[in-house]
Amino acid sequence: MLAGERHTLNAPAPSFDVAIIGAGHNGLVTAAYLAQAGLTVGVFERRPVVGGAAVTEEFFPGFRNSVASYAVGLLNPKVVTDLDLKRHGLEIVERPAGNFLPVDDGSESLLTHSDPQLMEAEVARFSTRDAAALAEYEATLGRLADVLRALVLETPPNIGGGLRDLWQAWRTSAGARALSRDDQEALVDIFTLSAADYLDRWFENPALKGLLAFDGIVGTYASPYHPGTAYVLLHHCFGEIMPRPGAWGHAIGGMGAITQAMAKPAEEAGAVIEVDAAVAQVTVEGGRATGVALSDGRKIKARAVAANVNPKLLFTQLVDGEAQPPAFRRRMEHWKCASGVLRLNVALKELPDFTCRPGTELAPHHTAGINIGPSMDYLHRAYEDARELGWSREPVVEVLIPSTIDDSLAPPGQHVASLFCQYFAPQLPDGRSWDDARAAAADAAIAAVTRFAPNFKEAILGRKTLTPLDLERDFGLTGGDIFHGALDLNQLWSLRPALGHADYRMPVTGLYLCGSGAHPGGGVTGAPGHNAAREMIRDLT
């Protein structure tokens, strides 16, 4: 996609109110809001298409898939409404089934249901005590998620700031202050405990705890026994784009349908979007961002710059170190980026035939998020493997087969599947390269699924593998980190990305952070772009 005209090297430098680095979903959201506010906007994208990691691509002849980001659950409804994304073609459907977990011996399984009675009956097959606790667990998690939802579109206060920040801190604490004492304690617990410790307080069955703990390690290079993973679990529950809060769905046409829809209102409002236009440097003069320099030699002037890239990439590669306060530069050098993720896209001639639910005819469990990770101990062993060996011998895998609900992605009678796999170390030990280990790592992930669905390996017609290194090279995800920085307690809220700069304004005047490295963090939400645009409009209009 290319919007706006190309400029020759001899032409005068174009000028915008705002230059945006990266046409991922948050960059496009920022562009749309700014352009609708009357500002002139130029968006510069390194890849040949808009969308960043939220793209749909043909990875094998006749087979298309969301090759990186792969599920919809956290997209903010206000962004959808404000940008009129449905008018621009966005259609999101809920998965008919939630999650499907084959248990350890392969003869039994757990399938989640949206109907509370069916869900209670399913869990009761494993533990009547857990079935009785389930409703209160979900209600508690829902109340805690409501606190997060109220903060998603808020600008975090800068701790140590002025009266405005003090007022913001008081105002945004209202949700937590309104909780009961028990829920306030639960909120503290979920921000500080491990997913394992939190789930152990509620449940006894290993399979149920393994299924629920998966949300605590998604995109997180940590064991479910590590403190802080309980928050990651909660982070994946605050979505409200589906009719049921916290549910996950699919964008018809894949994740690229979301970003294509986002580009349209930005262009309608006058934003210029260029692809194949990599930014090499943020230009800084007199302590102020004055534009960007592109890899092709062009200089783009701007009153302000918004960066939809990982803050570590921004401040270690694109902004001169001399322009940054030394303490801030050190924090960015140590900004933790590690998801431990490998992504596989596979073309299938038939659906997986699970030992516990036999058959290749379409059934509800094929439409679910299929979890290969039958206990917290399995998840922990996978993590320990990666720490020692570089990747898990028996990886944790979530399989989604979007073609079961979207026939635009594969030829009739065939399917595409997304495999989201953990754990795969950002850097391999002993100086080995992921380029040399890619095939073996993908084979391990396929073997993990084949253990429970014996036909899976032979059903694969073609595959595309993205290691942590590929995610960094292809999509700019530093360290392969899908969240632009780990969702650790010291990298959240007023600490994201650093104290004093949680309000999207960076230490270089006129430079803003509009990507997932800012509050509220990772996931295809559009919230960082929305919030950053609001602050920029205040400053520039």
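Let's start at L314. Leaving out residues up to four places away in sequence, L314 touches I21, V282, A307, V309, V319, L511 and L513. One point before I go on: this is a predicted model.

So where does L314 sit? It is in helix α12, residues 311–318. Is it buried or exposed? L314 counts as buried, because its relative accessibility is 0% and the cut-off for buried is under 20%. One distance to keep in mind here. L314 and L487 are 173 residues apart along the chain, and their C-alpha atoms are separated by 18 Å.

Now the nonpolar cores. In soluble globular proteins, nonpolar side chains tend to be buried together. Here, the largest nonpolar core has 104 residues. Which residues have the most contacts inside it? They are Y198, V397, L419 and F456. Helix α4, residues 128–152, gives the largest share of this core, with ten residues. There is another core, apart from that one. It has 75 residues, and I20, V43, V50 and L83 are among them.

Take V397 from the 104-residue core. Set aside residues up to four places away in sequence. V397 then touches I370, N371 and I372. It also touches L419, F420 and C421. A445, A448 and V449 are on the list too. Note that L419 appears there, and L419 is itself one of the residues with the most contacts inside the core.

On to helix packing, with α4 in the middle of the story. Two packed helices are described by the angle between their axes and the distance between the axes.

First pair: α3 and α4. Their axes come within 7 Å and cross at roughly 150°. That angle is over 145 degrees, so the two helices are roughly antiparallel to each other. The crossing of α3 past α4 is right-handed. Which residues meet? On the α3 side, M119, E120, V123 and A124. On the α4 side, T128, D130, A131 and L134.

Second pair: α4 and α7, where α7 is residues 181–192. These pack at an angle of about 75°, with their axes 10 Å apart. The angle falls in the range 65 to 115, so α4 and α7 are roughly perpendicular to each other. From α4, the contact uses T140, L141, R143, L144, V147 and L148. From α7, it uses D183, A186, L187, I190 and F191.

Back to α3 for one residue. E122 is in this helix, which spans residues 116–124. How accessible is E122? Its relative accessible area is 9%, so E122 is buried. What does its side chain do? It makes a polar contact with the side chain of R125, at 3.1 Å. Beyond four places in sequence, E122 is in contact with S109, L110, L111, H113 and R357.

Next, the loop between β18 and α18. The strand is 511–513 and the helix is 527–540. T525 lies in this loop. With a relative accessible area of 1%, T525 is buried. Leaving aside its neighbours within four places in sequence, T525 is in contact with H25, L74, L75, N76, V79 and F238. P520 is in this loop as well. A cis peptide bond joins H519 and P520, with omega about 5°.

That brings us to the backbone. Most residues other than glycine have a negative phi, and most peptide bonds are trans. A cis peptide bond also joins Q422 and Y423, again with omega about 5°. Y423 lies in strand β16, residues 415–424.

Now positive phi. D276 is not a glycine, yet its phi is positive, about 50°. It is in the loop between β9, 272–274, and β10, 279–285. How exposed is D276? Its relative accessible area is 46%, so D276 is partly exposed.

D430 is also not a glycine, and it has a positive phi of about 65°. D430 is in the loop between β16 and α15, the helix at 434–450. Its relative accessible area is 76%, so D430 is exposed.

To close, three places to look on the screen. Look at α4, which packs against α7 with axes 10 Å apart. Look at E122 and R125, with their polar contact at 3.1 Å. And look at the cis bond between Q422 and Y423.

Methods. Residues are numbered from 1 along each chain as its sequence is written. This is a predicted model: local features need pLDDT of at least 70, side-chain atom pairs count only at pLDDT 80 or more; totals for chains, interfaces and linings use all residues. Side-chain values use heavy atoms; hydrogens and water are left out. Helices (H or I, at least four residues) and strands (E, at least two) are DSSP runs, numbered from the N terminus. Buried means under 20% relative accessible area, exposed over 50%, partly exposed in between (1.4 Å probe, protein chains only). A polar contact is a pair of N or O atoms within 3.5 Å; within protein, one must be able to donate a hydrogen and the other to accept it, and residues adjacent in sequence count only if both atoms are side-chain atoms. Contact means heavy atoms within 4.5 Å. A nonpolar core is a set of buried Ala, Val, Leu, Ile, Met, Phe, Trp, Tyr and Cys residues joined through side-chain atoms within 4.5 Å. Axes are lines fitted to C-alpha atoms, for helices over the stretch in contact, and angles run from 0 to 180 degrees between N-to-C directions. Angles under 35 degrees count as roughly parallel, over 145 as roughly antiparallel, 65 to 115 as roughly perpendicular and the rest as oblique. A crossing is left-handed if the near helix is turned anticlockwise from the far one by less than a right angle, and right-handed if clockwise.
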